[in-house]
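Ready for some practice with a protein model? Look at the sequence and the structure, then try each exercise before you read its solution.

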Amino acid sequence: MELLEAAVRSYAWGSRTAIAQLRGDRNPTPHPEAELWLGAHPGDPAMLAGSRSENGAARSLLEQIDADPVGQLGRQVLAQFGPRLPFLLKVLAAEEPLSLQAHPSKRQAEEGFDREEERGLPIDSPLRNYRDRNHKPEVVVALGPFEALAGFRDAASTVELLAAIDVPELAPHIALLRGEQDEAGLRALFTTWITMPQNAVDELLPKVVQGCVRYLTAHSGGGPLGAVMRTVLEISDTYPGDVGVLSSMLLNRVTLQDGEALYLPAGNLHAYLRGVAVEVMANSDNVLRGGLTPKHVDVPELLRVLDFGSVDAVPMTDTTAPGGPPIPGEYEYPAHTQDFRLSRVLLGVDPLTLGGRDNPDARGPEILLCVDGAVELRCGEQRLELGGTQAAWIAAADPALTLRALTPSARVFRSTVGAIGPGAGKPLVSHQLDTANSRGEDVRP
Ligand SMILES: [Zn+2]
């Protein structure tokens, strides 16, 4: 067990205050802080604080795993995923909308990577879609209100939205979707928009924006579609003239409350708009962009990967008592992937021993991230204290792990590998981990 120092990523859409506040640092910061990376990603691995020498040099988690893959990852994880950490845990703080994007399935990533290798595209080329052969499912958990677009809304509701914008130039697009109110219609309309010449986008977009302003004025800033209309305006402010503003009208607009989460499977078109969140994903860089970005958009490849089936983007709720407040214990956010498992651990006064570490042969690596309060970790003879957004690395070789709040309550996120331990290989449902408190009581409902 070791204290893990996150790598801080600065992107233009980040916040100068949110991450610094969580970490207890001075703010506003000179540069926007967008993401904290907690993992062993070769692009920016986290550092092991205990290894830091007097001259400031430290060993990275990546180097530690390279030097001792069996001890760090465990035999099962090593056999299934090779000598690398299968997941990356992040804290992200978005002040502005991020690009519209989707991620490939494992098979699509393998095929796409091989195709781009055959074409001889250098791995760091900006034209490259596939930088590895892996899928990239994600779970995002809000820390406070978090706005996002995720998955295609059902076609009938989108017809209603486009009609309410009330712009004659949208008439053929409405007719297209009205004629086929399903996956095929959504694919046809999305394809029409994303392949539209820029001069046509430049003509249509201002009219759509005006339509949204008219709707909001007529409804005193509200109305049943007010939130969606405001989002169109906001995105168009940040990305004027970007065709992604049109595509964003096809997606579910979701507001997550603190502790609520979304699972983003392969093919789900999504964009984070604003807020602070914890995110875990499979160890991959494979992103297909669909607009709201100055970066490369490969339209044919995006169309190949996107899932046009409409979905209800219903947040997963962070509660073990339906309708009630979260109760102490471990709650798992369901995700249908073997690469990671994410749970939040809510701690009260009683120490809690985390499940899944009793069998030395089936133990894996994990990262614990404290987001509220302060917590004491005990692992064998070792003891660590974590405060705001501090994290700990637990190697597979480390024994049982007991947590205790040092403040009246504390919240910790726990990221482990989904392919090992209880429920391995099955689609996961909530409350599946063996969770027991120090008195040996089962806290599952
Ligand atoms: Zn994503």
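## Exercise 1: Two loop residues

Ser60 sits in the loop that runs between strand 4 (47-48) and helix 2 (61-67). Keep in mind that this model is predicted.

**Task.** Find out whether Ser60 is buried or exposed, and which residues Ser60 touches.

**Solution.**
- Step 1. The relative accessibility of Ser60 is 5%. The cut-off for buried is under 20%, so Ser60 counts as buried.
- Step 2. Leaving out residues up to four places away in sequence, Ser60 touches Pro45, Ala46, Met47 and Leu48.

**Task.** Now do the same for Ile123: what is its relative accessible area, and which residues does Ile123 touch?

**Solution.**
- Step 1. Locate Ile123 in the loop between helix 5 (106-118) and strand 7 (138-142).
- Step 2. The relative accessible area of Ile123 is 43%, so this residue is partly exposed.
- Step 3. Not counting residues up to four places away in sequence, Ile123 touches Phe113, Glu117, Arg128 and Arg131.
- Step 4. For a sense of scale, go from Ile123 to Ser409: they are 286 residues apart in sequence, and their C-alpha atoms are 46 Å apart in space.

## Exercise 2: The buried side of a helix

**Task.** Which residues of helix 6 (residues 155-165) are buried, and what covers them?

**Solution.**
- Step 1. List the buried residues of helix 6: Ala155, Thr158, Val159, Leu161, Leu162 and Ile165.
- Step 2. Look at how they are arranged around the axis. They cover an arc of only 165°, so they lie on the same side of helix 6.
- Step 3. Look for what covers these buried residues: the cover includes helix 7 (171-179), helix 8 (183-194), helix 9 (198-218) and helix 10 (226-238).

## Exercise 3: How two helices pack

**Task.** Describe how helix 6 and helix 7 are placed: at what angle do their axes cross, and within what distance do they come?

**Solution.**
- Step 1. Know what to look for: two packed helices are described by the angle between their axes and the distance between the axes.
- Step 2. The axes of helix 6 and helix 7 cross at roughly 160° and come within 9 Å.
- Step 3. Angles over 145 degrees count as roughly antiparallel, and therefore helix 6 and helix 7 are roughly antiparallel to each other.
- Step 4. The crossing of helix 6 with helix 7 is left-handed.
- Step 5. Helix 6 makes this contact with Ala155, Thr158, Val159, Leu162 and Ala163, while helix 7 brings Ile174, Leu177 and Arg178.
- Step 6. Sorted by class, the contact of helix 6 with helix 7 has 6 nonpolar, 1 polar and 1 charged residues.

## Exercise 4: Backbone surprises

**Task.** Where are Asp166, Ser220 and Pro28, and what is the phi of Asp166 and of Ser220?

**Solution.**
- Step 1. Start from the usual case: most residues other than glycine have a negative phi, and most peptide bonds are trans.
- Step 2. Asp166 comes just after helix 6, in the loop between helix 6 and helix 7. Its phi is positive, near 55°, although Asp166 is a residue other than glycine. With a relative accessible area of 54%, Asp166 is exposed.
- Step 3. Ser220 is in the loop between helix 9 and helix 10. Ser220 is not a glycine, yet its phi is positive, about 50°. Its relative accessible area is 71%, so Ser220 is exposed.
- Step 4. Pro28 is in the loop between helix 1 (18-23) and strand 3 (35-38). The peptide bond that joins Asn27 and Pro28 is cis, with omega about 0°.

Technical notes: Residues numbered from 1 in each chain as written. Predicted model: local features only at pLDDT ≥ 70, side-chain atom pairs only at ≥ 80, totals over all residues. Heavy atoms only, no water. Buried < 20%, exposed > 50% of the residue type's maximum accessible area, 1.4 Å probe, protein only. Helix = DSSP H or I, 4+ residues; strand = E, 2+ residues; numbered from the N terminus. Arc of directions from axis to C-beta. Contact = heavy atoms within 4.5 Å. Axes fitted to C-alpha atoms, helices over the stretch in contact; angles between N-to-C directions. Parallel < 35°, antiparallel > 145°, perpendicular 65-115°, else oblique. Left-handed = near helix turned anticlockwise from the far one by under 90°. Nonpolar A, V, L, I, M, F, W, Y, C, P; charged D, E, K, R; others polar.
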